[in-house]
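Student: I should like to learn how to read the features of a structure, beginning with the packing of a helix. Please give the general idea of each feature and then the case at hand.

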Amino acid sequence: MPNDKPQSPDELLQQEFNRWAAQGEGPKMENHHLDITEKTLRRMDLRAGERVLDLGCGSGWAPRLLARLVGEGPHGFGQVVGLDISDEMVRHARAASRDFENVMFVQGSAAHIPWEENFFDKVLSVESFYYYPDQDRALAELFRVMAPHGRLFILINLYKDNPYSLQWVPKLKVPVHVRSAEEYVELLKKHAFQNVESAQIPDDTPTPENYQTTSFHSLDDLKAFKRVGALLLMASKPDVRNAAPAYTIY
Ligand SMILES: C[S@@+](CC[C@H](N)C(=O)[O-])C[C@H]1O[C@@H](n2cnc3c(N)ncnc32)[C@H](O)[C@@H]1O
């Protein structure tokens, strides 16, 4: 008998990104996202010994870059966790990361991050956040698992201020959020993040003249999309630990 139970939004995402993984899309995304990610890594000021989460890590290329940057140093041995809703992406990520001692991959949803609170010094999320059905819930979870003074870096290629990116929306098989930089900044502030900032990060990789694009109407639109660039959201978690009482208890 066919199983006609309706899928939850997370089950739909898992199924869709398992399909991407089966088509070999995981490692290919490194080519598309490396330039904007490297520019973001420079802003993250990563140090040996830090604990970093990559939310929506796909095939794990970014966690491996992060693992090298926070590995052994005078301040200890850094640790990177890659979390993804697609078990197939996680399987590929684990297989490609066997040589790394300080990176691990976990299957799970941004809506229920399977980790303890106040843990991560830095969080990166590359081209994943606009898929989350409940972005408020994801931000509440990020706030919970981030350490006091932890820093959040979210890269988003699909957003209102890059009109060329809107060409993808009808081609996607799952619902997405389309917000502006200003709307995202307000959302982060609503969740009590501090030092909320946004920046546009152009993709400076050359586009070969014979490049075949299925995502854009034309090569000129692809070039214009790269020139406008991705939206980078940056924020800090305040120190929400209770201050010591200003009086002595006998
Ligand atoms: C466009 S891919 C980007 C992957 C990777 N960050 C990269 O740049 O190669 C989006 C990723 O987000 C993951 N994802 C989507 N929704 C998610 C959710 N609700 N929770 C966790 N991961 C999710 C997908 O499974 C997919 O691997």
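Tutor: Contact means heavy atoms within 4.5 Å. Helices (H or I, at least four residues) and strands (E, at least two) are DSSP runs, numbered from the N terminus. This is a predicted model, in which local features need pLDDT of at least 70 and side-chain atom pairs count only at pLDDT 80 or more, while totals for chains, interfaces and linings use all residues. Residues are numbered from 1 along each chain as its sequence is written, and side-chain values use heavy atoms, with hydrogens and water left out.

Student: Against which elements do the buried residues of α5 pack?

Tutor: A residue is buried under 20% relative accessible area, exposed over 50%, and partly exposed in between (1.4 Å probe, protein chains only). In α5, which spans residues 135-145, the buried residues are Gln 135, Ala 138, Leu 139, Glu 141, Leu 142, Phe 143 and Val 145. They pack against strands β1 (51-55), β4 (120-126) and β5 (146-156) and against α6 (181-190).

Student: Which residue's side-chain oxygen reaches towards Asp 136 at the start of α5?

Tutor: A polar contact is a pair of N or O atoms within 3.5 Å; within protein, one must be able to donate a hydrogen and the other to accept it, and residues adjacent in sequence count only if both atoms are side-chain atoms. Here a side-chain oxygen of Asp 134 comes to within 3.3 Å of the backbone nitrogen of Asp 136.

Student: How should one read a nonpolar core?

Tutor: In soluble globular proteins, nonpolar side chains tend to be buried together. A nonpolar core is a set of buried Ala, Val, Leu, Ile, Met, Phe, Trp, Tyr and Cys residues joined through side-chain atoms within 4.5 Å. The largest one here has 49 residues, and those with the most contacts inside it include Leu 53, Leu 139 and Leu 142. A second, separate core has 25 residues, among them Ala 62, Val 90, Leu 124 and Phe 153. Leaving aside neighbours within four places in sequence, Leu 53 is in contact with residues including Val 81, Phe 120, Leu 142 and Val 145.

Student: How many residues surround the ligand, and which are the closest?

Tutor: A residue is near a molecule if one of its heavy atoms lies within 4 Å of it. The ligand is surrounded by 22 residues, of which His 33, Gly 56, Trp 61, Asp 84 and Ser 128 are the closest. The largest share of this shell, four residues, is supplied by α1.

Student: Which polar atoms lie beside the ligand's nitrogen and oxygen atoms?

Tutor: A polar side-chain atom of Trp 61 is 2.8 Å from an oxygen atom of the ligand. A backbone N or O atom of Ala 110 lies 2.9 Å from a ligand nitrogen atom, and a polar backbone atom of Val 126 is 2.9 Å from a nitrogen atom of the ligand.

Student: Where do Asp 45 and Ala 192 lie, and what is notable in their phi angles?

Tutor: Asp 45 lies in the loop between α2 and β1; its phi is near 50°, a positive value in a residue other than glycine. Ala 192 lies in the loop between α6 and β6, with phi near 75°, again positive in a residue other than glycine.

Student: Why does Ala 192 count as partly exposed?

Tutor: Ala 192 is placed in that class because its relative accessibility is 41%.
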